[in-house]
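Me: I am new to this structure. Please show it, then take me through it.

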Amino acid sequence: MKVSYYSLGCKVNEYESVAIINEFLDHGFELVDFNQPADVYIINTCTVTATSDAKSRKMIRHAIRLNKDAVVAVMGCFAQLNPLAVQDIEGVDIILGTTNRHLLYSLVMDVLKNKKPHFLVEENRKSREYEEIKIKRYNNQTRGFVKIEDGCDNFCSYCAIPYARGRVRSRKPNEVIEEIQTLSLQGMKEIVLTGINTGAYGKDFENYQLPDLLLGIIKKTPNLGRIRISSIEATEVSDYLLTVIKENKQHFCSHFHIPLQGGCNETLKRMNRKYDVEYYSEKIAKIRNIIPDVNITTDILAGFAGETNADFEKSKAFIASLNFGEMHIFPYSRRPNTKAYDFPDQIDEVTKKYRVNELLELNRVKATEYRKQFQNQILEVVVEKNQNGLAFGHSSNYLAVQFRSLTAQSNDLVQVKIDKPNYPISLGKEIIDV
C-alpha cells in the first residue's frame, strides 16, 4: 500500500510527520509524492496565519480529490483549534490535532478495515506529558531535525500556538540523546534541535536546562557532527548556554535564530514579548563577543495592531542597527482567540504590504552585507544535493552555497572557498586536498 504526507508550517510539524511516516514504512507501506495516488494521505496542518489556515484546507481537499477512496488523516495546529471546520470537509476520516499522533498508524488500519472515522481532538492545554514519537531514520535528508520540546508558555498577544500546542513539555534527555546517537551512526552530519519553544527546554524539569542537554549530547555521542539550535528567544540565551557553546565551539553551528518580532518598545509591550530593545541588543552583543562571525537571523512582524508610522520608522532603524544575516518578514495576521485580535487601531492591508516591502529591501541589503565578509574565505558546507555537477548546501553559519563538483555527494562535508558572496545564494569553489 502507498502512503503520502504534506506538512505545513514549522520544522516541528515536519519532524512529527517524518516520525509517523517511519512507522508506516516499518509496516511495509511505500512512500509516494503527495501529488500521486495513494491509499493513505496525512496532512499536518498549521494555523500561525490566516494563510496557513487556508492552505491547510486546500491541501486536505487536494488529497481527497487525488483519491476519494483513500484514508485521509488530518492533524496539527489548525485541526486542533478548528476540528469542526476539518470535520465539515467531506472525505476526512481521521482528525487528531496535536495529541495522540502515536495512534495514527493503528487508526488508519482500523479505518481501512472497518470504514469507521475517528475524530480524537482532545484538550491539551493542561497536558504535562511529552508525547514520545521518534525518528529512526531520515530518507534523502542531510540535516536531522530532532524534536526536544513541545508547547509554549509565552502567550504573545498575536499568537494562537500556545492554545494549539499547550504548555511546555520537555522530552526526556535519554530519548533525545538516543535519537541523536542513532542519526549520527547513520552518518547525519548536522543535527538541528527543534521545538515549539526550543529554548524553554527543561523548564518543567528540576535543575536541568537546555545547556545540560547539550553537554549530555556532546559527552554521549562520540561521532557527533555539528549541532544547530533551530530557534531560541533572547530571554533564553543564558550565560550558562553561552559558556557551554564557548567551551565546545567545534560542535556548534555559528548561527542563532532569535525572533525579534518588533523593533520598538511600545510595540514589543503590546505584543507581550518578554524583553525590550535594549535587552535584545545586549544579548546580540554577548553572542557576537563569543562568535565574531556568527550569523544571527530573526523574525519580524510588520503592521502589528497600533504600530504608528513613527513606531515603524523607529523599529526599522533599530533592526538595521543589528545587522542581521537574514530576516523572515511576515505581515501581522489577526488570529481568533488571541488578545491582539480585539486590539484597536488595526493596520490596513495596504500599509502592511508597504512595511513588509520596506523590510524585505532592508533584509536584502543587510543579508548581502553579511555575506560579503566571507569573500575568499573557506567554509565547511554540508552537501544537500548535486545535480549534474552543480552542488548545493549550507555552511555552519547558514549560508546557502552553490559550487561545481563532480564528486561531492549528498551529506558530504566539503571545504568551499567563497568566490561570489551574495544573497540568497553564494557561489564558491570546492577545495580538494592533493
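**Helices over the sheet**

Me: At about what angle does helix 5 run to strand 5?
Reply: Helix 5 (residues 104-114) lies across strand 3, strand 4, strand 5 and strand 6. The model is predicted, so local features need pLDDT of at least 70 and side-chain atom pairs 80 or more, while totals for chains, interfaces and linings use all residues. Numbering starts from 1 along each chain as its sequence is written, and side-chain values use heavy atoms, without hydrogens or water. Between N-to-C directions, on a 0 to 180 degrees scale with axes fitted to C-alpha atoms (for helices, over the stretch in contact), helix 5 runs to strand 5 at about 165°.

Me: Which strand does helix 2 run to at about 175°?
Reply: Helix 2 (residues 50-66) lies across strand 1 (2-7), strand 3 (40-45) and strand 4. Helices (H or I, at least four residues) and strands (E, at least two) are DSSP runs numbered from the N terminus. The angle of about 175° is to strand 3.

**The sheet**

Me: Which strands stand at the edges of the sheet?
Reply: The open sheet has six strands in the order 2-1-3-4-5-6, with parallel pairing. Each edge strand has a single partner strand, so one side is left without a neighbour in the sheet. The edges are strand 2 (30-31) and strand 6.

Me: Which residue stands opposite Ile-95 in strand 6?
Reply: Strand 5 and strand 6 (residues 118-119) run parallel, joined by two bridges; pairing takes at least two by DSSP. Ile-94 of strand 5 faces His-118. Opposite Ile-95 stands Phe-119.

Me: Which residue stands opposite Gly-97 of strand 5?
Reply: On strand 4 (residues 71-76), the pairing with strand 5 is parallel too, over three bridges. The residue opposite Gly-97 is Met-75.

Me: Are the residues that point either way from strand 5 buried or exposed?
Reply: Ile-94 and Leu-96 point one way from strand 5 (residues 94-97). Ile-95 and Gly-97 point the other way. With a cut-off of under 20% relative accessible area (exposed is over 50%, partly exposed in between; 1.4 Å probe, protein chains only), all of them are buried.

**A helix pair**

Me: How far apart are the axes of helix 9 and helix 11?
Reply: Helix 9 (residues 239-247) and helix 11 (residues 277-290) pack at about 20°. That makes helix 9 roughly parallel to helix 11 (under 35 degrees; over 145 is roughly antiparallel, 65 to 115 roughly perpendicular, the rest oblique). The contact (heavy atoms within 4.5 Å) is made by Asp-239, Leu-242 and Lys-246 of helix 9 with Lys-286, Ile-287 and Ile-290 of helix 11. The axes lie apart by 10 Å.
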